[in-house]
Amino acid sequence: MLKGFPRLLWTLPSQSYNDIDLDTPLIYEDEDSEIQPEVSLPIVNRNKRLYTALSQTASTIAVFLVPSFFQRKNPLRPQNITETSYLNGVRGLASLLVYFQHIATEYGDWIHYGYYSRPDDKYFIQLPFIRLLYSGRFMVAIFFVLSGYVLSYRPLQLSRKHNTGLLFDNLASGLFRRAPRLFLPVVPVILITAIFGIYYGCYGTGRPSDGECNSTEPSLWLQIVGTWNIFVQMLDPFTWSEFYPPGVPQLWTLPMEFRGSIVVFMLILALGNVKPPVRLVLLLSAAYACFHFTRWDTLLFVCGVILAELRILRKTSPYTLEKLRKNSTLASTIRLILATFWVAILALALFIGSWPANLACQSPGFQHICPYTPSQYSTGVAQQYFWIFVAAILLLLSLENFEPLQQPFVTPLANYFGEISFGLYIVHFPFLQTIGRWVIVTTIRSTGNPTFGYQEFPRGFFLGGILITPFIIWLADIHCRLFDVKSVSFARWLSLKCFLSKE
């Protein structure tokens with residue numbers, strides 16, 4: 001059953017060893033005898049063969065380490081642009097902005113206070129819209145909506161075609177593959193972090209200026225066991241509280257992603273054969289239930305399903321602007337009104353998405369919206385969660401309904417970041433807490449400003465950020481090709497091996 005599994009996982013997408021005849025027996029034969037005595041090859045020939053194998057291995061590794069966008073056959077380049085390709089670009093930008101938040105917060109958490117929420121909070125980067133550059137929680141909300149959308153779009157299409165067999169197969173395969181798809185790419189990163197970052201290295205904790213390192217276990221084995229326990233806790237789908245894994249706290253969203261995916265598959269399974277109008281009403285009811293019980297994360301997944309249902313409804317509806325072509329003036333007027341409306345919705349979404357984590361109700365602009373916060377979301381971080389949920393839905397509604405807004409997200413650069421988004425999300429934090437930390441602290445001190453200012457970032461911070469960002473992108477590129485893509489292939493292979501044959 002496991003035949004071919006190692007090659008499936010680890011064969012690099014470049015030159016292989018097929019042209020090296022390593023299986024040739026080291027004996028000589030002639031026509032006069034059946035088998036001649038074994039004669040060892042000369043040492044020179046054996047060394048030559050070894051040198052050839054090593055050089056080709058080194059060449060293969062070197063080619064693989066080249067960023068994919070420099071390779072002639074880019075393995076991460078999308079084959080074609082589809083009507084939903086822009087979602088990949090949105091995900092890529094969101095992942096990049098999460099990285100910006102983590103690198104900025106390490107050196108000045110004051111940026112998460114609202115503009116003029118306190119007398120000293122009056123800096124340009126605290127303004128609405130500008131603070132989107134480090135609004136990581138808003139990006140997480142976008143991730144969750146996108147996941148609900150992408151996971152449900154194909155099953156909903158099959159439901160419309162009344163293809164119950166394929167619908168069930170799709171749901172079974174998707175749910176079976178979801179855990180390895182989400183968690184296998186994490187394993188090498190958390191192990192490397194635990195061994196080389198925390199146990200043998202200095203893994204940052206607190207402010208970078210304090211020079212402190214994370215505490216370690218008494219032995220390497222106990223360090224690995226502790227890491228395994230953390231990983232198992234991430235896999236727990238029955239704990240609904242937020243869990244920030246020690247050492248890799250940016251992965252707090254993965255357990256939520258796993259639970260939200262299960263909810264999406266269960267909803268489609270329950271409502272797959274329901275009439276589309278009734279299904280939409282029931283999905284809205286499920287969304288309201290999540291809202292009422294303050295399950296903001298699950299609410300985002302359910303809203304992603306609703307957006308997918310609405311897209312299919314628009315595509316199949318006979319009532320579109322195309323029917324108004326006979327009256328071009330009326331059609332043009334309606335298009336202009338709709339364009340203005342959706343651009344305004346986008347602007348509103350970006351403003352609300354800038355919601356500060358701290359003292360938002362004392363910040364100009366946001367203080368006028370705060371009174372409309374539902375009572376169950378009125379205190380603490382729940383308030384921000386509610387408003388970024390609203391912003392994420394408005395953002396994707398505007399992009400879905402006005403195609404010109406999608407154009408920035410279908411560019412080659414946007415699609416590239418979309419392809420490496422998961423890898424970037426996984427690898428950036430360990431790098432920041434080890435090599436990145438050392439680089440930025442060094443550049444801050446070497447530029448003549450050794451202090452870590454409260455209300456401004458020293459110029460060495462920006463220099464260090466410019467230096468480490470290309471390396472983080474490069475690591476994300478390698479992680480994507482070496483682990484992320486392979487995990488997808490492995491999950492598909494495993495499902496094919498485990499599922500019942502239809503023959």
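Mentor: Before we start: this is a predicted model, and a helix axis here is a line fitted to C-alpha atoms over the stretch in contact, with angles running from 0 to 180 degrees between N-to-C directions.

Trainee: Okay, so how are α3 and α4 oriented to each other?

Mentor: Their axes come within 9 Å and cross at roughly 155 degrees. α3 passes α4 in a left-handed crossing. Angles over 145 count as roughly antiparallel, so for α3 and α4 the answer is roughly antiparallel.

Trainee: And what about α4 and α10, how do those two lie?

Mentor: Helix α4 (residues 136-160) and helix α10 (residues 296-316) have axes that come within 7 Å, crossing at roughly 45 degrees. Angles under 35 degrees would count as roughly parallel, and 65 to 115 as roughly perpendicular. The value for this pair falls in neither range, so α4 and α10 are oblique.

Trainee: Which hand does the crossing of α4 with α10 have, and what residues make the contact?

Mentor: By class, the contact has 14 nonpolar, 6 polar and 5 charged residues. As for the hand, α4 passes α10 in a crossing that is right-handed.

Trainee: How far apart in sequence are the parts that R311 and E83 tie together?

Mentor: The side chains of R311 and E83 meet in a salt bridge, 3.7 Å from N to O. R311 sits in helix α10, while E83 belongs to the loop between α2 (43-65) and α3 (86-105), so the parts tied together are separated by 228 residues.

Trainee: Last one: which residues make the nonpolar surface patch of about 380 Å²?

Mentor: One of them lies in helix α6 (residues 187-199), namely I192. The full set is I192, F196 and Y200.

Note on methods: Residues numbered from 1 in each chain as written. Predicted model: local features only at pLDDT ≥ 70, side-chain atom pairs only at ≥ 80, totals over all residues. Heavy atoms only, no water. Patch = residues over 30% accessible without salt bridge, like charges linked within 9 Å, V, L, I, M, F, W, Y side chains within 5 Å. Areas by Shrake-Rupley, 256 points an atom, 1.4 Å probe, with all protein chains shown as cover. Salt bridge = Lys/Arg side-chain N within 4 Å of Asp/Glu carboxyl O. Helix = DSSP H or I, 4+ residues; strand = E, 2+ residues; numbered from the N terminus. Left-handed = near helix turned anticlockwise from the far one by under 90°. Nonpolar A, V, L, I, M, F, W, Y, C, P; charged D, E, K, R; others polar.
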